[in-house]
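Subject: Structure for you to look at

Hello,

Here is the structure I said I would pass on. Please open it first, then read the notes below alongside it.

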Amino acid sequence: KETRKIKPKVDASAYIKSGSTGLNNWQAVNELIANSIDAWISTGPKKNLHVDVQLENNPVNLEEGKLIITDNASGMTIDELEQSFNFFDSAKSDDENSDKYLGVFGFGFKTATSKIGTKVIVTTANTDKEYYQIVADYLEMEDKGTGFELEIEVHKHNTQSKKIFNNSPVGTRVTIERFNSSFPMEVLEEYLPISWKKYIGPENNFGKKVKITKTSGKKTKEVLGDTSQADIETIFPINQTIKVGKGKNKSEIKVAGFVGLRTNKSLNNMPTQGIHLYRRGQLVEPYTHELYKKGDKHNAQNSLVGELDIELDASVTKSKFDKDSEEYKQVRTELFKTLSRFAEEARIMSIAAQQDKKTIAKAVAEYRKSVGLKLNKDQA
């Protein structure tokens, strides 16, 4: 095998420190999946994408924790692999598809891996001739300070290695070991269907399919996009263009999606009220209520749910929008004008949902009339 020694231009402690940016584990996984999707988008995309998330969690012994994310996207060249261990060093921002990419250029990979664990192994190939592998032990690197080096191994592809990227010779596998905290599979089961529904569902407009699977032990299960809990008769579409900025810095922010009400009594007992916020189809913030209600959320509004895709840049970790920015404040103000009335509608529906079907049907009809939706004969 051939090897290449690399020395990233940063103190080794930066890798450990970058994991303390406030990400949750599910958000860190989403950042790595976003990198897979970006690599897929960079090719056109030309083929169906398969991303597998394998999780082995031992809450008693975190040293045994392991997360493996494997894709069959475009893979990396040896130079791109070296570049991935630098900070804020990425060619994606200059790419013709940069307006479609999800990842934080040159930062997200280090942040995500360091949040989850302290040892990272990256295996990647962009041809069927050879593949590259690098092992980064963040704790060991930190001990060496500025004197650390990393080594990329170059291996010739063989019959077995040509299948490691979800039965493809091309792709990337990121393995994270020695967890910093417990990471139960239930977390992925809750957030993956919400996070990527716009890619794995019929809303995907790339012309090729995206499949995400989760593997635990010997069981692999496909992730299905979460279906809205809103009663279809209560769906109110949101398509709004909001002008932000002042003077020469004025721009327009598009907001698209919907809000709706849950009429199922059992669902209204769930603490999952609120609107999911997306950026370019990737979940940024789940279950937010600040766009329709001031102060803490309350069970009286528990029936209000929805989804909004907002054309704003997210924070550097993409765990949320930058709520201190003037653009977000202006968007929030305008959306509040649109959505605040739904808080009262949700309160009314939350009461009705505890009653019989006739009462619920009447409440739905009154709601549709109130918000300006067309009534059918029975509702009229």
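Strands β3 (residues 66-71) and β7 (residues 171-179) run antiparallel and are joined by six bridges. One residue to find there is K66, whose bridge partner in β7 is E177. Please keep in mind that this is a predicted model.

Helix α4 (residues 108-116) packs on the sheet and touches β3, β4 (117-125) and β7. The direction of α4 makes about 135° with that of β4. Helix α6 (residues 185-195) also packs on the sheet, where it touches β2 (49-56) and β8 (210-216); its direction makes about 165° with that of β8.

The sheet itself is open and has nine strands, in the order β1-β6-β5-β4-β7-β3-β2-β8-β9, with mixed pairing. Its edge strands are β1 (2-6) and β9 (219-222), each of which pairs on one side only. From one strand to the next, the twist averages 15°.

Another pairing involves β12 (residues 274-279) and β13, which are antiparallel over four bridges. L277 stands opposite E285 in β13. The two strands form a hairpin with two residues between them, and R280 takes a positive phi near 55° there. Strand β13 (residues 282-288) is mostly covered, with seven of its seven residues buried.

Next, the aromatic rings. The whole structure holds 11 aromatic pairs. One of them is Y15 with F148, an edge-to-face pair at 6.1 Å centre to centre, with 85° between the planes. Y15 belongs to helix α1 (residues 13-17) and F148 to the loop between α5 (138-144) and β6 (150-156), so this pair ties together parts that are 133 residues apart in sequence. Y15 counts as buried because its relative accessibility is 0%, and F148 counts as buried at 1%.

W196 and Y199 also form an edge-to-face pair, 5.8 Å centre to centre with 65° between the planes. Both W196 and Y199 are buried. Ring pairs link these two with W40 and F206 into a cluster.

Two lysines have their charged ends over rings: K7 over F148, 5.6 Å from the ring centre, and K198 over Y278, 4.7 Å from the ring centre.

Last, the chain as a whole. The chain contains nine helices and 14 strands, and 52% of its 380 residues count as buried. It exposes about 18,800 Å², of which carbon and sulfur atoms supply 47%. Of the contacts between residues at least 6 apart in sequence, 72% join residues at least 24 apart.

Regards

Terms used: Residues are numbered from 1 along each chain as its sequence is written. This is a predicted model: local features need pLDDT of at least 70, side-chain atom pairs count only at pLDDT 80 or more; totals for chains, interfaces and linings use all residues. Side-chain values use heavy atoms; hydrogens and water are left out. Buried means under 20% relative accessible area, exposed over 50%, partly exposed in between (1.4 Å probe, protein chains only). Two strands pair if DSSP finds at least two bridges between them. Axes are lines fitted to C-alpha atoms, for helices over the stretch in contact, and angles run from 0 to 180 degrees between N-to-C directions. Contact means heavy atoms within 4.5 Å. Accessible areas come from the Shrake-Rupley method with a 1.4 Å probe; for residues, only the protein chains shown count as cover. Rings of Phe, Tyr and Trp (its six-membered ring) pair if their centres lie within 6.5 Å; planes under 30 degrees apart count as stacked, over 60 as edge-to-face and the rest as tilted. A charge sits over a ring if NZ of Lys or CZ of Arg is within 6 Å of the ring centre and within 35 degrees of the ring normal.
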